[in-house]
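Let's walk through this model together, starting with one odd backbone angle and working outwards from there. Keep the structure open beside you as you read.

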Amino acid sequence: MAIVDNKTPNQLYPLPDGSNNLSDDVLRLQDALGGVDADVKELRDDLDGKAPAEHTHSISDVTNLASALDAKSDKTHQHGINDLSDVNAPASAGGQVLRFNAVTSKWEPSSISADDLTVGTVNIDRLPVNDLMDGGTY
Ligand SMILES: [Fe+2]
């Protein structure tokens, strides 16, 4: 009688069949269990080589992380205004403001003068008294 050669759907392990002789199916089951044993061992070996889904690393475990962090600025660091790439203000006097210099394309310290008032209305009460007393006109 021909053996019914049923297989498992995924790994194709031999399956017994009610119409097979038991002596044939015993051999088929031995093959199937041998295949299952080999596959389980392979899976266990693979699992042993995997990290748990949740795990941590120290900085030294990550290649180049320590040197990359060492090259970064501390988050609390500060800059002087002259550290900005578009500012040229190595020294400023009190009362100065930054004015954009179109020639140098830099913000530079500058004093405000009356010539800067080109539009609008000046409230006379806000002008310094001494300027008016020294013959200033308005
Ligand atoms: Fe910075």
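**Starting at a turn**

Serine 105 is exposed: just 9 other C-beta atoms lie within 10 Å, and a residue counts as exposed when that number is 12 or fewer. Find serine 105 in the loop between β1 and β2. Its phi is near 55°, a positive value in a residue that isn't a glycine. Bear in mind as you look around that this is a predicted model.

Now step out from the loop to the strands on either side. Strand β1 covers residues 97–101 and strand β2 covers residues 106–110, and the two pair in the antiparallel sense over 5 bridges. The hairpin they make has 4 residues between the strands, with serine 105 as a residue that takes a positive phi. Right by the turn, asparagine 101 has lysine 106 in β2 as its bridge partner. Look also at arginine 99, whose bridge partner in β2 is glutamate 108. How many of the 5 residues of β1 are buried? The count is 0, so β1 is hardly covered.

Serine 105 has a counterpart in another part of the chain. Leucine 12 isn't a glycine either, yet its phi is positive, at about 60°. You'll find leucine 12 in the segment before α1, the helix that runs over 22–48. Is leucine 12 buried or exposed? Leucine 12 is exposed, with 10 other C-beta atoms within 10 Å.

Carry on into α1 itself. With 27 residues at 1.5 Å a residue, α1 should span 39 Å, and its end C-alpha atoms are 38 Å apart, which agrees. As a reminder for reading any such helix, there are 3.6 residues a turn, so residues three or four places apart point the same way. Like β1, α1 is hardly covered: the count of buried residues among its 27 is 2.

Time to zoom out. The protein chain has 3 helices and 2 strands, and read along the sequence they follow the pattern α-α-β-β-α. The radius of gyration is 43 Å, well over the 14 Å that the globule rule gives for 138 residues, so the chain is more spread out than a compact globule. The box filled by the C-alpha atoms tells you about the dimensions: roughly 130 × 35 × 30 Å along the principal axes.

The chain is divided into domain 1 (1–50) and domain 2 (85–133). How far apart are the centres of domain 1 and domain 2? Taken over C-alpha atoms, 90 Å separate them. Burial across the chain is scarce too, as 3% of the 138 residues count as buried. As for contacts between residues at least 6 apart in sequence, 3% of them join residues at least 24 apart.

Finally, a word on confidence. The chain averages a pLDDT of 90, and 92% of the residues score at least 70. Among the elements, α1 has the highest mean pLDDT, at 97, while helix α3 (residues 129–133) has the lowest, at 57.

Conventions: Residues numbered from 1 in each chain as written. Predicted model: local features only at pLDDT ≥ 70, side-chain atom pairs only at ≥ 80, totals over all residues. Domains from an automatic or database assignment. Rg over C-alpha atoms; globule rule 2.2 N^0.38 Å. Buried ≥ 20, exposed ≤ 12 C-beta atoms within 10 Å, placed from the backbone. Contact = placed C-beta atoms within 7 Å. Pairing = 2+ DSSP bridges. Expected span 1.5 Å × (residues − 1). pLDDT = per-residue confidence, 0-100.
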